[in-house]
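Q: I should like to learn how to read the arrangement of two chains and the two DNA strands beside them. Please take the features one at a time, with the general idea before the particular case.

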2 protein chains.
Amino acid sequence: MSRSGSGVVREYYTITELTREFDISTRTLRFYEDEGLIQPVRRGRTRLFRPSDRHLIRQIMRGKRLGFSINEIREIIQMYKDPPGEVGQLKLMIKRIEEKREDLRQKRRDLEETLTELDNAEEACVERLAELGVNT
Amino acid sequence: MSRSGSGVVREYYTITELTREFDISTRTLRFYEDEGLIQPVRRGRTRLFRPSDRHLIRQIMRGKRLGFSINEIREIIQMYKDPPGEVGQLKLMIKRIEEKREDLRQKRRDLEETLTELDNAEEACVERLAELGVNT
DNA sequence: TCGGCAATTGACTTTTACGTAAATGCCATG
DNA sequence: CATGGCATTTACGTAAAAGTCAATTGCCGA
């Protein structure tokens, strides 16, 4: 049972569909292709994006929100891919993954600290409002 | 007891001390001053950074690691400051803080997802190593 | 007073991540 | 078959966030 046709999972997405879904421009998607982050197939000159491309775009957007550069995102995407066959490569990959995770853990610490400080700032505002006799 | 002099809390830091501590250039600190993020006092033309400036720089670096732009960092720093006196301003401030917190919560979700995927990627590598009969 | 080093200033350059415009292709529809 | 509507390619533009470089300038100890 191959489940091809008009099922839940689309075969292909057009570039405009994806620009709408992710709220980015066609220029940006073409840029990501130039950068080697995605490789949509072609029908003639027209790009056809598969679900795997769509998933990659999702990961790219996530990386962007976290403040990673295109190069860093490229590295992270590499890590998601199938592990290499050679032992040295595998060990290197594990090392890189561990580094990136340490990076993310630092970001998490930064994030929690910032959230805490914003908590305090908001509370100070609320208290100030209370002092002014404002019924929230 | 004013605790001035060679105590634990320094009165002033020089620009080079801070460039070493935070691993940034003097150009960068001057840039932040131009941008109004810090206001070191002057002795003659020389900048003297107080502990409060140092703390601000710490916050700036945190914001940078989280991928915030200079403008966003400026906004966040504003939020840490003393709350305004006027009710309308206070309510606006609270709204802005809540928005920024939502932003940070999104980042946290992105972060956890990315960490999870890197976990899986690393595990796949480790398994592959095991398959190859490598004793970790 | 002089040498030297640290700090400042200002101008110019660089990198990243796209935006924008112009010219053209492809194709369905009336 | 002309028209509209996306798509594509190529080329140049740009804003943010510094980096780099050169020319002072201030200050401190000998």
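Q: Which rotation and which shift along its axis superpose chain A on chain B?
A: In general, two copies of a chain are related by a rotation about an axis and a shift along it. In this predicted model, chain A is superposed on chain B by a rotation of 180° with 0.0 Å of shift along its axis, and the RMSD is 0.1 Å. The two copies are therefore related as by a two-fold rotation axis.

Q: Which residue of chain A comes closest to the rotation axis?
A: The residue is A:G67, whose C-alpha lies at 1.8 Å from the axis.

Q: How many residues does each chain bring to the contact between chain A and chain B?
A: Chain A contributes 34 residues and chain B contributes 34 residues. On the side of chain A that touches chain B, two or more residues come from each of α3 (51–65), α4 and α5 (87–131). The largest share of that side, 25 residues, belongs to α5(A). Sorted by class, the side of chain A that touches chain B holds 20 nonpolar, three polar and 11 charged residues.

Q: Why do the copies meet through the same surface?
A: They do so because 100% of the interface residues of chain A are also interface residues in chain B.

Q: How should I read the packing of α3(A) and α4(A), and at what angle do they pack?
A: Two packed helices are described by the angle between their axes and the distance between the axes. Here α3(A) and α4(A) pack at about 135°, and their axes are 10 Å apart. That angle makes α3(A) oblique to α4(A). The crossing of the two helices is right-handed.

Q: Which residues make the contact of α3(A) with α4(A)?
A: From α3(A) come A:L56, A:Q59, A:I60 and A:G63, and from α4(A) come A:E72, A:I73, A:I76 and A:I77. By class, this contact has five nonpolar, two polar and one charged residues.

Q: Turning to the DNA, which residues come nearest to strand C?
A: There are 18 residues around DNA strand C, and A:S25, A:R27, A:S69, A:I70 and B:R47 come nearest. At least two residues of this surface are supplied by each of α2 (26–34) and α4 (70–80) of chain A, and by each of α1 (15–22), α2 (26–34) and β2 (46–48) of chain B. The largest share, three residues, is that of α2(A). The classes are three nonpolar, nine polar and six charged.

Q: Which residues come nearest to DNA strand D?
A: Of the 16 residues around DNA strand D, those that come nearest are A:T16, A:R47, B:G44, B:S69 and B:I70. For this surface, α1 (15–22), α2 and β2 (46–48) of chain A and α2 of chain B each give at least two residues. The largest share near DNA strand D, three residues, comes from α2(B). This surface has three nonpolar, eight polar and five charged residues.

Definitions and conventions
Residues numbered from 1 in each chain as written. Chains lettered and ligands numbered in written order. Predicted model: local features only at pLDDT ≥ 70, side-chain atom pairs only at ≥ 80, totals over all residues. Near = placed C-beta within 6 Å. Helix = DSSP H or I, 4+ residues; strand = E, 2+ residues; numbered from the N terminus. Nonpolar A, V, L, I, M, F, W, Y, C, P; charged D, E, K, R; others polar. Contact = placed C-beta atoms within 7 Å. Axes fitted to C-alpha atoms, helices over the stretch in contact; angles between N-to-C directions. Parallel < 35°, antiparallel > 145°, perpendicular 65-115°, else oblique. Left-handed = near helix turned anticlockwise from the far one by under 90°. Least-squares fit on C-alpha atoms with pLDDT ≥ 70 in both.
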